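Q: Please take a close look at one aspect of this structure, the charged side chains, and then follow the discussion into their surroundings. A careful, connected account would be welcome.

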Amino acid sequence: MKKLAKFLRPFRMPIIFVLLLVFLQTLSDLYLPTLMSDIIDNGVVNGDIPYIWKIGGFMLLVAAGGMICSILASFFSAKAATGFGRDLRERVFSQVETFSQTEFDQLSTASLITRTTNDIMQVQNVFMMMLRIMLMAPMMAIGGIIMALSKDTKLSLIFVVILPMLAGTIFLIARKGIPLFKEIQKKIDNVNRVLREKLIGVRVIRSFNRVGYEEKRFDQANSDLTETTIKVNKIMAAMMPVMMLILNFSSIAIVWFGGLRIDQGSMEVGDLMAFIQYAMQIMFSLIMVSMMFVMIPRAQVSAVRINEILTMESVIKNPENSKRATQQKGYVEFQNVTFYYPGAESPAISHINFEAKPGEITAIIGGTGSGKSTLLNLIPRFYDVTDGKILVDGIDIRDWDLEELRGKIGFVPQKNSLFTGTIADNLRFGKEDATEAELKRAIDIAQATEFIQEMKKGLNTEIAQGGTNVSGGQKQRLAIARAIIRKPEIYLFDDSFSALDFKTDAKLRAALKGETKEATVFIVAQRVSTVMDADRIIVLDEGKIAGVGKHRELLQTCEVYHEIVSSQLSEEEIG
Ligand code: ADP
Ligand code: MG
């Protein structure tokens with residue numbers, strides 16, 4: 001909680017207003033019963049009509065003032081709380097943006113979403129409640145007791161019996177309720193996780209006829225949450241009648257003993273009525289405090305979860321003294337690079353050595369799981385190497401400014417993501433201020449012009465969430481165009497031609513050749529035809545280099561390469 005408090009600083013003024021307003025409102029609430037007893041004891045008993053009008057009018061004024069304060073307090077507390085929530089969400093979001101792949105793997109996406117929405121909402125709501133209750137409840141309780149004592153000290157002895165009873169009940173209820181409230185937050189996480197998985201995989205679930213099974217899984221998480229919530233609400237529901245019972249019995253007791261004291265002539269009727277109201281105020285403030293004690297632990301769980309994000313630091317940090325670029329452009333060198341995924345027992349790639357220069361095409365081929373994507377992902381520093389070094393333009397990539405390093409790279413990932421927005425918006429991810437002509441050129445090279453023209457709105461066609469309204473091959477070409485627009489020094493194509501037919505693949509690569517004359521190009525591919533004419537082919541096998549060289553050399557020297565080739569081409573084609 002403490003760490004989140006600094007987000008309250010900008011809202012100092014509204015918070016002070018609320019406290020002031022609540023203070024005034026409580027004063028008016030405490031003053032009203034006294035005015036009433038005045039009217040009864042001095043006005044009604046003596047039949048003094050002008051006095052009743054005068055004090056009655058004053059009462060109205062005080063009540064109206066209290067009401068205005070209460071309305072304004074609502075306004076300012078809402079303003080402070082929602083502003084606090086907004087700032088916190090913003091901070092959490094920008095923190096998540098700095099995370100590297102490692103942190104994403106660690107906290108799940110579902111949990112990140114719950115934390116940014118529901119958890120912040122919890123904290124925000126409790127903060128709003130606290131603003132209003134924190135001052136009002138103790139002030140009302142203490143003020144009420146003082147006022148009651150001033151009306152009749154002896155009758156006040158009755159509180160010695162009532163208050164411990166009330167406090168005891170609250171304690172019993174809170175002890176049962178608080179752990180349950182803590183549980184609820186975890187269960188919401190669970191429901192979100194199942195729901196997210198289900199929605200993302202909805203096509204797979206349907207095609208494998210797992211709808212029934214998934215429904216059961218969701219039902220389980222859902223009813224688990226429901227049961228806990230119902231349990232909590234049952235306890236809270238039981239609280240109200242019990243409280244009312246105590247409250248009402250207290251009034252009876254006060255009227256009973258007060259009546260006796262009026263008979264003795266030691267108390268007046270108006271005072272007794274005021275006394276009852278003070279008793280109510282005292283007890284209500286106790287109930288309010290107890291509600292707070294129930295809400296705070298729940299918000300505390302949320303606060304801890306939010307804090308976890310805020311204090312989590314990306315393992316990939318921008319170097320403090322980044323080195324400046326040299327004259328070189330697009331040189332990439334791997335020096336004995338080994339990489340383990342966090343927690344993995346064996347390395348995904350090990351002892352990788354090679355050098356790539358501008359104007360060269362380096363192809364990487366190998367079976368699935370041989371570490372091809374891993375190798376490419378290391379270049380933009382999505383992960384840091386475990387051992388060895390990667391140099392770009394002669395400088396260790398860990399010494400590069402991250403933004404500058406990534407600015408040199410045009411990356412077409414294996415799993416392409418397009419974003420909601422038009423095709424043009426998506427392409428401009430590569431370069432924000434790209435002109436129409438640049439867009440046209442890029443889609444031309446990427447062989448995307450034809451299918452874009454066939455769409456009614458051309459470049460202004462909307463892409464659905466996750467790019468579900470374009471085919472796999474169309475998506476790949478858009479992602480390629482997005483990288484081309486950047487005019488990067490280093491191109492990384494991770495299996496980017498796999499969904500294209502052979503003809504389009506060949507045409508695209510021919511067009512690319514002209515575009516990438518001065519760039520360093522990495523192409524990961526499964527098809528031999530895609531990599532055959534590369535300047536250098538790296539054959540990966542279980543994370544190790546099985547061979548490096550040109551197609552002809554590798555055919556002779558590399559067993560693994562020969563196997564891959566003969567599984568795809570006929571003897572004549574191999575020649
Ligand atoms: P390729 O692209 O050649 O098919 P990858 O580079 O994707 O292979 O994967 C290489 C190895 O690393 C595989 O054994 C895979 O299980 C493992 N791996 C890939 N991504 C992760 C990850 N995020 N966390 C842990 N292990 C991973
Ligand atoms: Mg891969």
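A: **Charged side chains and their surroundings**

In this predicted model, D541, E542, E559 and E563 together make up a patch of negative charge on the surface. One of these residues, E542, sits in the loop that runs between strand 11 (536-541) and strand 12 (544-549). With a relative accessible area of 65%, E542 counts as exposed, because the limit for that class is over 50%. Its relative accessible area also satisfies the condition for a place in such a patch, because patch residues need over 30%.

A patch of the opposite sign is also found on the surface, where K3, K6, R9, R12 and R91 gather as a group of positive charges. K3 belongs to the segment that precedes helix 1 (12-44), and its relative accessible area of 52% makes K3 exposed. Helix 1 also holds L20, which takes part in a surface patch of another kind: L20, F23, L24 and L27 form a nonpolar patch, and their accessible area comes to about 350 Å² together.

Charged residues can also be considered as pairs. Side chains of opposite charge can pair when their charged atoms come close. In this model the count of salt bridges is 22, and three of them can be followed in detail here, beginning with a pair inside one helix. K187 and E183 are joined by a salt bridge with an N to O distance of 3.1 Å, and the two residues lie four residues apart in helix 5 (residues 158-200), about one turn of the helix. The partners fall into separate classes of accessibility: K187, at a relative accessible area of 15%, is buried, because buried means under 20%, whereas E183, at 33%, is partly exposed.

A second pair, E489 and K329, has its closest N and O atoms 3.7 Å apart, which satisfies the salt-bridge rule because the limit is within 4 Å. This salt bridge connects distant parts of the chain, 160 residues apart: E489 is in the loop between helix 14 (472-485) and strand 9 (490-494), while K329 is in the loop between helix 8 (269-311) and strand 1. K329 is exposed, with a relative accessible area of 51%.

The third pair is formed by D505 and R527, whose side chains meet in a salt bridge at 2.9 Å, N to O. D505 is part of helix 15 (residues 502-515) and R527 is in the loop between strand 10 (520-524) and helix 16 (528-531), so this salt bridge ties together parts that lie 22 residues apart in sequence. D505 is buried, at a relative accessible area of 1%, and R527 is buried as well, at 17%. The pair does not stand by itself, since salt bridges with shared partners join D505, R509, K513, R527 and D533 into one network.

The loop of K329 leads to two further elements, helix 8 and strand 1. In helix 8 lies R298, a buried residue with a relative accessible area of 15%. R298 and Q185 are 113 residues apart in sequence, yet their C-alpha atoms are 7.6 Å apart in space.

On the other side of that loop, strand 1 (residues 332-339) runs antiparallel to strand 4, to which five bridges join it. Strand 1 belongs to an open sheet of four strands in the order 2-1-4-5, with antiparallel pairing. Its edges are strand 2 (349-356) and strand 5 (395-396), each of which pairs on one side only. Strands of a sheet pair through backbone hydrogen bonds, either parallel or antiparallel. V392 in strand 4 stands opposite V332, and V392 also stands opposite I395 in strand 5. Strand 4 (residues 387-392) and strand 5 are paired in the antiparallel sense over two bridges, which satisfies the pairing rule because at least two are required. A charged residue appears here as well, as D396 in strand 5 is the bridge partner of L391. Strand 4 and strand 5 form a hairpin with two residues between them, and D393 in the turn has a positive phi of about 55 degrees.

Key
Residues are numbered from 1 along each chain as its sequence is written. Chains are lettered from A and ligands numbered from 1 in the order in which they are written. This is a predicted model: local features need pLDDT of at least 70, side-chain atom pairs count only at pLDDT 80 or more; totals for chains, interfaces and linings use all residues. Side-chain values use heavy atoms; hydrogens and water are left out. Patches are made of residues with over 30% relative accessible area and no salt bridge: like charges are joined within 9 Å, nonpolar side chains (Val, Leu, Ile, Met, Phe, Trp, Tyr) within 5 Å. Accessible areas come from the Shrake-Rupley method with a 1.4 Å probe; for residues, only the protein chains shown count as cover. Lys and Arg count as positive and Asp and Glu as negative; His and the chain ends are not counted. The place of a charge is taken as NZ of Lys, CZ of Arg, CG of Asp or CD of Glu. Buried means under 20% relative accessible area, exposed over 50%, partly exposed in between (1.4 Å probe, protein chains only).
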